[in-house]
Amino acid sequence: MRLPHNLLLLLLGFTFQDAPTNVSCLLLSSKQLVTKSVFTKIRSHQRSTPRLCSTIYLQSLKVSDEKCPDVTNIDTKSDTLSSLLGNAKARDSFFANDFGKNPFFRRRDCNGSDLPPPITGIDIKSLYETNEYISLRIRGSQDFLDKSAMSYADFTAYVDNGSSAVVPIIETDYMYPFMQQMEQVLGQSLSMNIYHSGPGAVALNKHFDAYDVFVLQLAGEKEWIIQADGEWGKLKSINAWTNITMSVGDVMYLPQGIFHAATGGQKGSTHVTIGLEKIQNNAN
């Protein structure tokens, strides 16, 4: 069984919370991906020299207002990225203007003319039964689920009472084929985590990730605060935050180094994170 990099970090209890500026920055190498007409634009994300972590200033969160096209003849199975980002126009605009540079949020509310998201809903009971690495989280604290001591009913009650569970997707989970599909589309190794939270739950305090992340809301709503100014890796340098509410089908993208935190909505929340941890240099 492959243990993804995110799971190893999870097992070590590792997060970047108010992290020092000397944390090594990850470099994403150049590559050619799936559709040339889209991914030649990905060059804006290529970094030939290391980032100067302490001097990277951030732009405010960009909210897409792209109009939705007629989707009658679009095959969502063959265009996962259009499905993830809403439609082909939003996909092209994102990779041309925002990938690797700007936090990005897109609400899937275009009067039903958007593509459906690539995955909807969540079967937490199935993940409870197939995953042995579920962690229990309350504002950064971490315990690992012991199924011999916590039944599924107890687990559900734990979350419903305002706590969170984080499930790193592994080969035994029903969502693993979706992870494989995303890896094939993007041509790189990914991490994928399910964040299942009760009302008002905060799994992690303000922190940043050392790699780019897509976030797709699967159930409920979640309140986010996103870094809008300041320096990479310096929480005390931030003076402005952007607040957004994610609903089912909404998608967000956070480049590496952007501080953020999230709180479960009044009826709880479930979202999936797709971490672009390592580009495969030999991808075609």
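A polar contact is a pair of N or O atoms within 3.5 Å; within protein, one atom must be able to donate a hydrogen and the other to accept it, and residues adjacent in sequence count only if both atoms are side-chain atoms. In this predicted model, the side chains of Lys 222 and Ser 197 are joined by such a contact, at 3.1 Å. The points below start with Lys 222, then turn to strand 5, helix 7, the nonpolar cores and the salt bridges.

**Lys 222**

- Lys 222 is part of strand 7, which covers residues 212-227.
- Although Lys 222 is buried, it forms no salt bridge.
- The nearest side chain of opposite charge belongs to Glu 223, 11 Å away. A salt bridge needs a side-chain nitrogen of Lys or Arg within 4 Å of a carboxyl oxygen of Asp or Glu.
- Leaving aside neighbours within four places in sequence, the contacts of Lys 222 include Tyr 195, Ser 197, Gln 217, Ile 244, Met 246, Ser 269 and His 271.
- Also among the contacts of Lys 222 are Ala 262, Thr 263, Gly 264 and Gly 265.

**Strand 5 and its partners**

- Strand 5 (residues 164-168) is largely enclosed by the rest of the structure, because 5 of its 5 residues are buried.
- Ser 164, Val 166 and Pro 168 point one way from strand 5, while Ala 165 and Val 167 point the other way.
- Strand 3 (residues 135-138) pairs with strand 5 in the antiparallel sense, over 3 bridges. Within this pairing, Leu 136 has Ala 165 of strand 5 as its bridge partner.
- Strand 6 (residues 188-197) also pairs with strand 5 in the antiparallel sense, over 5 bridges. Here Pro 168 stands opposite Asn 193 of strand 6.

**Helix 7 and the nonpolar cores**

- Helix 7 runs over residues 176-186, and its buried residues include Tyr 176, Phe 178, Met 179 and Met 182.
- Glu 183, Val 185 and Leu 186 of helix 7 are buried as well.
- Gly 187, just after helix 7, has a positive phi of about 70 degrees.
- The largest nonpolar core has 38 residues, and those touching the most other members are Phe 94, Phe 155, Ile 169, Met 182, Met 192, Ile 194 and Phe 214. Helix 7 gives the most to this core, with 6 residues.
- Not counting residues up to four places away in sequence, Ile 194 touches Ala 165, Val 166 and Val 167, among others. Its other contacts include Ile 122, Ile 124, Leu 127, Ile 169, Met 175 and Leu 218.
- Apart from the largest core lies another, of 13 residues, including Phe 105, Leu 254, Ile 258 and Ala 262.

**Salt bridges**

- The whole structure contains 6 salt bridges.
- One of them joins the side chains of Arg 91 and Asp 79, at 2.9 Å from N to O. Arg 91 lies in helix 4 (residues 88-97) and Asp 79 in the loop between strand 1 (62-63) and helix 3 (80-85), so the pair ties together parts that are 12 residues apart in sequence.
- Both Arg 91 and Asp 79 are buried.
- Arg 91 also meets Asp 92 in a salt bridge, at 2.9 Å from N to O. Asp 92 is partly exposed, with a relative accessible area of 24%, whereas the value for Arg 91 is 11%.
- Asp 79, Arg 91 and Asp 92 are thus linked in a network of salt bridges.
- The side chains of Lys 234 and Glu 231 form a salt bridge at 3.7 Å from N to O. Lys 234 is partly exposed, with a relative accessible area of 32%, and Glu 231 is buried, with 16%.

Notes:
Residues are numbered from 1 along each chain as its sequence is written. This is a predicted model: local features need pLDDT of at least 70, side-chain atom pairs count only at pLDDT 80 or more; totals for chains, interfaces and linings use all residues. Side-chain values use heavy atoms; hydrogens and water are left out. Buried means under 20% relative accessible area, exposed over 50%, partly exposed in between (1.4 Å probe, protein chains only). Helices (H or I, at least four residues) and strands (E, at least two) are DSSP runs, numbered from the N terminus. Two strands pair if DSSP finds at least two bridges between them. Lys and Arg count as positive and Asp and Glu as negative; His and the chain ends are not counted. Contact means heavy atoms within 4.5 Å. A nonpolar core is a set of buried Ala, Val, Leu, Ile, Met, Phe, Trp, Tyr and Cys residues joined through side-chain atoms within 4.5 Å.
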